[in-house]
Amino acid sequence: MKPLAPLLALTLAYAAFTTGRSPEERLAPISDAAKTFYTTLRAERISGLPSEEQMKKLSGLLTPGLHAAILKARAEQQEQIKKHPDDKPNWIEGDLFGSLFEGVTQWELGSAFFAPGVDGTVKVNLTYQEATEKPTKWTDILVFKQREEKWLLDDIRMGGEWAFKSADSLRGRLPGGWQAREDHDSPDEKWHVTFQRDGEVVSNISIQAADKSGLPHLLFGAESSPAGGVPSWVLWNPDSDLLAVRLGDSPRFTRTLIFRLVGHEWKKVEMPVFYAEEKKTMAGNGFRETDSLIDADHWYDANTLVVKYFSSWANGDDGDGYSKYISVQISADGKASVTEAVDTPGKD
């Protein structure tokens, strides 16, 4: 018997999940998973990466992918401490599991959601307050995936709207999501990336073998290419053989370029067009695109880049658009395709 197509399988699973149940009953397993995870998380008072003892309590509540990303972060942190004992390593302090570095003093679970083809999500309403200060309030979103009848945490989308957040998601803060905005070496230390600037504008980004055995390769900056706006950054995948370059033509228009290592050369991967038919329809009805952002957020795994996508269209007083997290998978032969799209965090 042939396996079910993914969408059909999801549809049948959703039908089985919903049959004969009230909305509260359908969403109860996801809400219960969120309560268990968040109660465990906040009872531990974690700063920086969880300790080995803390991970023992959390590991059974996380997807294998998220668990592996945290363990990889710890390994990289220990390597940093070994090589640079006088410097502060990454992931050593602060609340990695929430929008605010200082942490959380109060929390309350909000609404849950699940539908075919998207992750299960639960909003969590958060507060941080020092004794005499005005409270800071925001909403993060817990993202769950179902694995063998169990809902496991796969990511946290950060809903805080202040400047200088380290990333928009938990995975964005871990290996495969760390945003390098200055000259740096690849995670495997085999490649060196250089940013050249004209004032605050990035004029080119190049990559060269760390041992300088070959000439630099220009990732961005040919004379025919517009300059990159602020900020621009590079994201490496966990295997250091794929990278994403996030660029901005202006504060209102950004794009992401993808490159893969083929032998000793970096080859460009064409990004798929998002919502092509919908855009064609809007343009045919007189709408004009006013904003377009494709921001590299993190690598979900070694072959899947998650981008934060926003597109806004206007026709006089009428407007429409998209605000999504989109998963882009790169095949072994360098073809990119969309595998999933979910809404970006909203507000209660």
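In which order do the strands of the open sheet of four strands that includes S5 run, and what is their pairing? I started my notebook with that one, and the order is S5-S6-S7-S8, with antiparallel pairing. A reminder to myself before going on: this is a predicted model.

**Entry 1: the S5 to S8 sheet**

I looked at the ends of this sheet next. Strand S5 (184–185) and strand S8 (217–220) stand at the edges. Each of these two has a single partner strand, so one side of each is left without a neighbour in the sheet. I then followed S5 to its partner, strand S6 (residues 191–198), and found two bridges in the antiparallel sense. For a residue-level handle I noted that His-184 stands opposite Val-193 in S6.

**Entry 2: the chain as a whole**

I stepped back for some totals. The secondary structure of the protein chain comes to five helices and 16 strands. The chain has 348 residues, and 43% of them count as buried. I also checked how far along the sequence the contacts reach. Among contacts with a separation of 6 or more, 48% are between residues 24 or more positions apart. The exposed surface comes to about 18,800 Å², and carbon and sulfur atoms supply 52% of it.

**Entry 3: the S1 to S4 sheet**

I turned to another open sheet, where four strands follow the order S1-S2-S3-S4 and the pairing is antiparallel. Here strand S1 (106–113) and strand S4 (150–157) are the edge strands; each has a single partner, so one side of each has no neighbour in the sheet. I looked up the twist too: neighbouring strands of this sheet are turned by 30° against each other on average, direction ignored. Strand S3 (residues 136–147) is joined to S4 by seven bridges, and the two run antiparallel. Within that pair, Val-143 stands opposite Asp-155 in S4.

**Entry 4: the cores**

Which residues have the most contacts inside the largest nonpolar core? I found Phe-37, Phe-97, Leu-142 and Phe-144, in a core of 35 residues. The elements giving two or more residues to this core are helix H2 (23–43), H3, H4, strand S2 (120–128), S3 and S4. H2 gives the largest share, six residues. Apart from this core lies another, of 21 residues, among them Met-271, Phe-274, Met-282 and Tyr-322.

I lingered on Phe-37. Leaving out residues up to four places away in sequence, Phe-37 touches Leu-58, Leu-61, Leu-62, Phe-97, Leu-142, Leu-153 and Ile-156.

**Entry 5: aromatic pairs**

How many aromatic pairs does a search of the whole structure find? I got eight. Phe-37 and Tyr-38 make up one such pair, edge-to-face, at 6.2 Å centre to centre with 65° between the planes. Both Phe-37 and Tyr-38 are buried. I also found that Phe-274, Tyr-275, Tyr-309 and Tyr-322 form one aromatic cluster. Two of these names were already in my notes on the core of 21 residues, which includes Phe-274 and Tyr-322.

**Entry 6: two loop residues**

Is Thr-63 buried or exposed? I placed Thr-63 in the loop between helix H3 (52–58) and helix H4 (64–83). Its relative accessible area is 2%, so Thr-63 counts as buried, the cut-off being under 20%. Beyond residues up to four places away in sequence, Thr-63 touches Lys-145, Leu-152, Leu-153, Asp-154 and Arg-171. I recognised Leu-153 from the contacts of Phe-37.

I asked the same of Asn-237, which lies in the loop between strand S9 (233–236) and strand S10 (242–250). Asn-237 is buried as well, with a relative accessible area of 1%. With residues up to four places away not counted, Asn-237 touches Leu-242, Trp-299 and Ala-302. I also took a C-alpha distance: Asn-237 and Trp-178 are 59 residues apart along the chain, and their C-alpha atoms are separated by 9.6 Å.

**Entry 7: a hairpin to finish**

My last stop was strand S11 (residues 253–262) and strand S12 (residues 265–269), which run antiparallel and are joined by five bridges. The bridge partner of Leu-261 is Trp-266 in S12. How many residues lie between S11 and S12 in their hairpin? There are two, and Gly-263 in the turn has a positive phi of about 65°.

How values were computed: Residues are numbered from 1 along each chain as its sequence is written. This is a predicted model: local features need pLDDT of at least 70, side-chain atom pairs count only at pLDDT 80 or more; totals for chains, interfaces and linings use all residues. Side-chain values use heavy atoms; hydrogens and water are left out. Two strands pair if DSSP finds at least two bridges between them. Axes are lines fitted to C-alpha atoms, for helices over the stretch in contact, and angles run from 0 to 180 degrees between N-to-C directions. Rings of Phe, Tyr and Trp (its six-membered ring) pair if their centres lie within 6.5 Å; planes under 30 degrees apart count as stacked, over 60 as edge-to-face and the rest as tilted. Buried means under 20% relative accessible area, exposed over 50%, partly exposed in between (1.4 Å probe, protein chains only). Contact means heavy atoms within 4.5 Å. Accessible areas come from the Shrake-Rupley method with a 1.4 Å probe; for residues, only the protein chains shown count as cover. A nonpolar core is a set of buried Ala, Val, Leu, Ile, Met, Phe, Trp, Tyr and Cys residues joined through side-chain atoms within 4.5 Å.
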